[in-house]
Amino acid sequence: MGLKGFVEGGIASIVAGCSTHPLDLIKVRMQLQGESNVPNPAIQTLRPALAFNPAAQHVSHIHVPSPPLPPPPPRVGLISVGVKIVQQEGITALFSGVSATVLRQTLYSTTRMGLYDVLKQKWTDPQSNKMALERKIAAGLIAGAVGAAVGNPADVAMVRMQADGRLPLAQRRNYKSVVDAISQMAKNEGVASLWRGSSLTVNRAMLVTASQLASYDQIKESILETALMKDGLGTHVTASFAAGFVAAVASNPVDVIKTRVMSMKVEPGMAPPYSGALDCAMKTIRAEGPLALYKGFIPTISRQGPFTVVLFVTLEQIRKLFKEV
């Protein structure tokens, strides 16, 4: 198989990524809902009149309460977020960062799909022509880790381009394309910024690839062995949708943290909002509760299901086409 597996997986991934990009963008916006940086209570504890009046500052009995924090904005659902994006930014905003998606799928998914196929061919028992589930999972973990390391710069660029529209006009980065995003990040924040959140990307990719590819192969084999359906479109759709659900459940918590770490704005000379993945997770849970790690799950499964279906149905058709050629 070799190179053929990379080509087949790459084409299928690009088709699936582009067709479900709007759902991925909505998912990113929903995962950023409720995110806030707690202001420093030590700042602005005196009224302006007292701050510039030394005599008044020595009056010990004056108590100035801290201003109450503004209430968090109401959280809205999948359709509401989509409608709001179209109303405020135009319908083309649903495809913000699509060039980064193409690059990400070209680097990340081509690598993971191709490497998984190579490992699958190596580890399949020649007698039974089957591969044990634990080996499928191991192949997915390895392929996902390598693919994520290769594709992380495009992943960071994609998240930033998708999240840009939610920022105030003065704070938007306004990247023209994925190339512009990567070059600006490298220039303004250093080359290391291209691998910001890479540990999260790798962890997420390992979970997604292992759960998605391994479960698809396992479910497809079970359907064919029990003769529930023949090897055709119905089997491919059923197995791929089930695989998408498994992947969404496994990866959503890591995906939320990854999105927040990658999209955070780091001001020169200022401490970043999050020092790392664990810090982001703890701040998110403390501020918004444990269920915040499943924020955006509906758009995640709404995107992961169709993405996985399109991915594997396209892949099966490409494999069939290549066999006939």
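Visitor: What share of the area exposed by the protein chain do carbon and sulfur atoms supply?
Guide: Welcome! Keep in mind that this is a predicted model. The protein chain exposes about 16,600 Å². Of that area, the part supplied by carbon and sulfur atoms is 66%.

Visitor: How many helices and how many strands does the protein chain have?
Guide: You can follow the chain from the N terminus and read off its elements as α-α-α-α-α-α-α-α-α-α-α-α. Counted up, the secondary structure comes to 12 helices and 0 strands.

Visitor: What percentage of the contacts with a separation of 6 or more join residues 24 or more positions apart?
Guide: Let's look at burial before contacts. Of the 325 residues in the protein chain, 45% are buried. Among contacts with a separation of 6 or more, the share made by residues 24 or more positions apart is 79%.

Visitor: Which helix gives the most residues to the largest nonpolar core?
Guide: This core has 18 residues, and Leu311 and Phe312 touch the most other members. Several helices supply at least two residues each, namely α1, α6, α7, α9, α10 and α12. With 5 residues, the top contributor is α12.

Visitor: Which residues does Leu311 touch, leaving aside those up to four places away in sequence?
Guide: Leu311 is one of the two residues that touch the most other members of the largest nonpolar core. Once residues up to four places away in sequence are set aside, Leu311 touches Ala12, Ser13, Ala16, Arg112, Met113 and Gln212.

Visitor: Is Val7 buried, partly exposed or exposed?
Guide: Val7 lies in helix α1, which covers residues 3-19. Together with Leu3, Ile11 and Val15, Val7 forms a nonpolar patch on the surface, with about 340 Å² of accessible area in total. Buried means under 20% relative accessible area and exposed means over 50%. Val7 has 35% relative accessibility, so Val7 counts as partly exposed.

Visitor: How many disulfides are found in the whole structure?
Guide: A disulfide is a covalent bond between the sulfur atoms of two cysteines. Cys18 is partly exposed, at 24% relative accessible area, and Cys280 is buried, at 0%. A search of the whole structure gives a disulfide count of 0.

Visitor: How many residues apart are Arg319 and Asp117?
Guide: Side chains of opposite charge can pair when their charged atoms come close. Arg319 and Asp117 meet in a salt bridge, at 3.8 Å from N to O. Arg319 is partly exposed at 23% relative accessibility, while Asp117 is buried at 5%. Arg319 sits in helix α12 and Asp117 in helix α6, and their separation along the chain is 202 residues.

Visitor: Which helices hold Lys258 and Asp155?
Guide: The side chains of Lys258 and Asp155 form a salt bridge, at 3.4 Å from N to O. Lys258 is buried at 3% relative accessibility, and Asp155 is buried at 2%. This pair links parts of the chain 103 residues apart, with Lys258 and Asp155 in, respectively, helices α10 and α7.

Visitor: About how many helical turns separate Asp279 and Lys283?
Guide: These two side chains meet in a salt bridge, at 3.3 Å from N to O. Lys283 is partly exposed, with a relative accessible area of 32%. Asp279 and Lys283 are 4 residues apart in helix α11, so their separation is about one helical turn.

How values were computed:
Residues numbered from 1 in each chain as written. Predicted model: local features only at pLDDT ≥ 70, side-chain atom pairs only at ≥ 80, totals over all residues. Heavy atoms only, no water. Patch = residues over 30% accessible without salt bridge, like charges linked within 9 Å, V, L, I, M, F, W, Y side chains within 5 Å. Areas by Shrake-Rupley, 256 points an atom, 1.4 Å probe, with all protein chains shown as cover. Salt bridge = Lys/Arg side-chain N within 4 Å of Asp/Glu carboxyl O. Buried < 20%, exposed > 50% of the residue type's maximum accessible area, 1.4 Å probe, protein only. Core = buried A, V, L, I, M, F, W, Y, C linked by side-chain atoms within 4.5 Å. Contact = heavy atoms within 4.5 Å. Disulfide = S-S within 2.5 Å.
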